[in-house]
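Trainee: I have a structure open and no idea where to start. Can you walk me through it?

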Amino acid sequence: MRLIQNMSTIAEFATPECPSNGNIKIAVIGGSGVGKTALVVRFLTRRFIGDYERNAGNLYSREVQVDGGEQVAIQVQDTPGVDLTGNGLSIPDHVTCSIQWADAVVLVYSVTDRHSFDLIGQLHQLVARAGGANVPPVILLANKADLLHMRRVDAEQGPLLAAALGCSFYEVSASEDYSQVHGAFHRLCCHMAKQQPTAPMSSHTTSSGAAEKKGRSPLIPRPKSPNMQDLKRRFKQALSAKVRTVTSV
């Protein structure tokens, strides 16, 4: 397997003059220290390296085999961490450009960091806004599931949030279980590969086909732009129902 760490800026791949040539482009976004780089490297190389330079924002390229044995080229954009300040979200420009460039987005939080979990709703809204008319499909990954003694986000909360946002959810451990990480990314790649054009098309057809590709997402729903108050209300209702069930038992 060949892994290329490409230090080029995302802008070089985002312009209409630089088509993707069939590449599947994935942006990985989340708070600082949630393990975005570890997840990407684990998926692409099977290796886990515990210490990385934070906020590197590297672009990784390689070929992967999807369902049916087809080889497809993918580009995975690691992004700097997003943080919450007194003035709201602190979003590096690189993150917004990555969303606009990407065919799909992976939102990541750490089960050991409640703050990173609380960011997800706002990051989902950012994806919806930055994606414009063609909002990319989104999946939600909860990382560091092996650190049970440090858990700050209950296992039930991730699926509830993903259901409220309308996206697929996976709880994984980059350090302990390659199969979990590979399964999440591989399913996303297989889904996106099915949306790729199967034959050369004219520029007009390509544009319309790309729009159609963005619009079809039976396995990984397109993110909505939820009202945050309504999202919080539904989330609290779901948690309250669970608490009542446990109490009655």
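Mentor: Start with a term: buried means under 20% relative accessible area, exposed over 50%, and partly exposed in between (1.4 Å probe, protein chains only). This is a predicted model, where local features need pLDDT of at least 70, side-chain atom pairs count only at pLDDT 80 or more, and totals for chains, interfaces and linings use all residues. Residues are numbered from 1 along each chain as its sequence is written, and side-chain values use heavy atoms, with hydrogens and water left out.

Trainee: Okay, helix α3. Which residues are buried there?

Mentor: Within α3, residues 93–101, the buried ones are V95, S98, I99 and W101. Viewed down the axis of α3, they fall within an arc of 165° (directions from the helix axis to the C-beta atoms), so they line one face of the helix. D93 and Q100, on the other side, are exposed. Helices are DSSP runs of H or I, at least four residues, and strands are runs of E, at least two, numbered from the N terminus.

Trainee: New topic: β3. Is it mostly covered or exposed, and how does it sit with β4?

Mentor: β3 is mostly covered, with 5 of its 7 residues buried. β3 and β4 run antiparallel and are joined by 7 bridges; strands pair if DSSP finds at least two bridges between them. L59 stands opposite Q77 in β4.

Trainee: And what's in the hairpin between those two?

Mentor: It has 5 residues between the strands, and G68 takes a positive phi near 90°.

Trainee: What does I74 touch?

Mentor: Leaving aside neighbours within four places in sequence, I74 is in contact (heavy atoms within 4.5 Å) with I24, F43, L44, Y60, S61, R62, V64 and C189.
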